[in-house]
Amino acid sequence: MPLWTIHHTPGAYGAQDKRAFARDITGYYTRIGLPAFYVVVVFHEHQPDSFLVGGEPAVDTVRFAIEHIAVHSDGPRQRQQISESLVALIKPWTKDRGLYAEFHVDETPRELWMVDHLEPPTFGSEEEARWAQANRPLSR
Amino acid sequence: MPLWTIHHTPGAYGAQDKRAFARDITGYYTRIGLPAFYVVVVFHEHQPDSFLVGGEPAVDTVRFAIEHIAVHSDGPRQRQQISESLVALIKPWTKDRGLYAEFHVDETPRELWMVDHLEPPTFGSEEEARWAQANRPLSR
Amino acid sequence: MPLWTIHHTPGAYGAQDKRAFARDITGYYTRIGLPAFYVVVVFHEHQPDSFLVGGEPAVDTVRFAIEHIAVHSDGPRQRQQISESLVALIKPWTKDRGLYAEFHVDETPRELWMVDHLEPPTFGSEEEARWAQANRPLSR
């Protein structure tokens, strides 16, 4: 469900970094019970002439575009809490490395979503727990 | 209106495949009367170290991010039907080829949309039929 | 806040063009008081076999996907006005150069957004004006 698109300047992350960062992101969602395989992360490295912040070529910058599908927020206060927890998640991979970062999250309709051609189980259900345990979609 | 972004692992689709798949996607929308040129498909091939599923490099994977603008769904049941019809559309290009697939659809505000600098005609209108017939935007 | 993803065919824009275009886009938002550094623009050049319009390889085409976060529209009429102002913004960079263009804008929840690990100030606030003046995020 979550799809993370990570735009970054050259050299921000090597192959090992990307894998470790994607595992941290995955852990953020598995902690609330979601199957690990729901979490898709795409890294896009851009040359500075194609990645501009305020009209200037990006320098040591990471711009996250995150889509949440399976679970939606409930009101402004919870959204702020989610944002704070995402800051804690990304900080070791951004600010602590001297990288400027911005993120935003969109929430999209749950019923317009399919995983391996199957309708994903209800959030928090026993079936979802089975998917999480198997770490793959299970036919009914 | 629909914008399909298709993230895939190397070798999933060749140039001929991409064109044929994009034509199938286009047919899905022209069948309800939309002009063919509304349908934009972008394929992104990613190296596995930049495309991770559950924290692991993607293997034979296709992740669709779809945006619907011109026509919106009406309630959860219709959204499920749309998802089922999209599964039927992509299956020959994914599961039937041994590719793991996930998609989600977002719906965005119709009035925040312009085609060739023109406001697109109302869905189902005679003017839209003229655009579809000409397969290009027509000034009023 | 605004994230502009600009898909284009090869040769549409050189490095100087991209910077000048990104500055024009930035000016569109700073005119309403937003800090310049909120404006992120990503250019994606695609080979025509990976960028299809109506099932055909794209020719001299620009497809904009725009995300608005900090400021949302208020009703259909205002959305139409925003679309008209965006047409005026992009026209010198698209139609006037013989490029076919389509754009759509999505609006995403303001509270699910962080800039440099900080909660951005309220739109129109004195603190926002200070961020704009400094052209960087300021800790409270």
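Two copies of a chain are related by a rotation about an axis and a shift along it. To compare copies here, they are superposed by least squares on the C-alpha atoms of residues with pLDDT of at least 70 in both. The model on the screen is a predicted one.

**Stop 1: the axis**

Select chain A and look for A:D106. Of the residues of chain A, A:D106 comes closest to the rotation axis, with its C-alpha at 5.3 Å. Now select chain B and find B:D106. Within chain B, B:D106 is the residue that comes closest to the rotation axis, also by C-alpha, at 5.3 Å.

What turn lays chain B on chain A? A turn of 120 degrees does it, with a shift of 0.0 Å along the axis and an RMSD of 0.0 Å. That is the relation of a three-fold axis. Chain A can be laid on chain C by a turn of 120 degrees and a shift of 0.0 Å, again with an RMSD of 0.0 Å. Of the contact residues of chain A, 3% recur in chain C, and the copies use different surfaces.

**Stop 2: chain A by itself**

Hide chains B and C and colour chain A by secondary structure. Chain A has three helices and seven strands. Followed along the sequence, the pattern is β-α-β-β-β-β-α-β-β-α. The C-alpha trace of chain A spans about 50 × 35 × 25 Å along its principal axes.

Of the 140 residues of chain A, 44% count as buried. Among contacts in chain A with a separation of 6 or more, 72% are between residues 24 or more positions apart.

**Stop 3: the sheet that uses every letter**

Show chains A, B and C again and select these strands in turn: β4(A), β3(A), β2(C), β1(C), β5(C), β6(C) and β7(B). In that order the seven strands form an open sheet, and the pairing is mixed. Which strands are at the edges? They are β4 (56-57) of chain A and β7 (113-115) of chain B, each of which pairs on one side only.

Go to the join between chains A and C. β3(A) pairs with β2 (residues 40-45) of chain C in the antiparallel sense, over three bridges. Select A:V53 and C:V40: the two stand opposite each other, C:V40 being in β2(C).

Then go to the join between chains B and C. Here β7(B) and β6 (residues 100-107) of chain C pair in the antiparallel sense over three bridges. Select B:M114, and its bridge partner in β6(C) is C:F103.

Add helix α2 (residues 76-90) of chain C. This helix lies across β7 of chain B together with β5 (61-68) and β6 of chain C. Helix α2(C) runs at about 45 degrees to β7(B).

**Stop 4: where chain A touches chain C**

Select the residues of chain A that are in contact with chain C. There are 29 of them, and they meet 27 residues of chain C. The elements of chain A that give two or more residues to this side are β3 (51-53), β5 (61-68), α2 (76-90) and β6 (100-107). β6(A) gives the most, with eight residues. Colour this side of chain A by residue type: 12 residues are nonpolar, nine polar and eight charged.

**Stop 5: A:V41 and the nonpolar core**

Select A:V41. Which residue of β3(B) is its bridge partner? The partner is B:L52. The strands concerned are β2 (residues 40-45) of chain A and β3(B), which run antiparallel and are joined by three bridges.

Leaving aside neighbours within four places in sequence, A:V41 is in contact with A:W4, A:I6, A:A22, A:I25 and B:L52. Now add A:F64, B:V41, C:V41 and C:F64. Together with A:V41, these touch the most other members of the largest nonpolar core, which has 117 residues.

**Stop 6: B:R97**

Finish in chain B, at the loop between α2 and β6, where B:R97 has its place. Is B:R97 buried, exposed or partly exposed? A residue is buried if 20 or more other C-beta atoms lie within 10 Å of its own, and exposed if 12 or fewer do. B:R97 has 14 other C-beta atoms within 10 Å, so B:R97 is partly exposed.

Last, select B:D60 as well. B:R97 and B:D60 are 37 residues apart in sequence, and their C-alpha atoms are 9.4 Å apart in space.

Methods: Residues are numbered from 1 along each chain as its sequence is written. Chains are lettered from A and ligands numbered from 1 in the order in which they are written. This is a predicted model: local features need pLDDT of at least 70, side-chain atom pairs count only at pLDDT 80 or more; totals for chains, interfaces and linings use all residues. A nonpolar core is a set of buried Ala, Val, Leu, Ile, Met, Phe, Trp, Tyr and Cys residues joined through C-beta atoms within 7 Å. Two residues are in contact if their C-beta atoms, placed from the backbone, lie within 7 Å. Helices (H or I, at least four residues) and strands (E, at least two) are DSSP runs, numbered from the N terminus. Ala, Val, Leu, Ile, Met, Phe, Trp, Tyr, Cys and Pro count as nonpolar, Asp, Glu, Lys and Arg as charged, and the others, Gly among them, as polar. Two strands pair if DSSP finds at least two bridges between them. Axes are lines fitted to C-alpha atoms, for helices over the stretch in contact, and angles run from 0 to 180 degrees between N-to-C directions.
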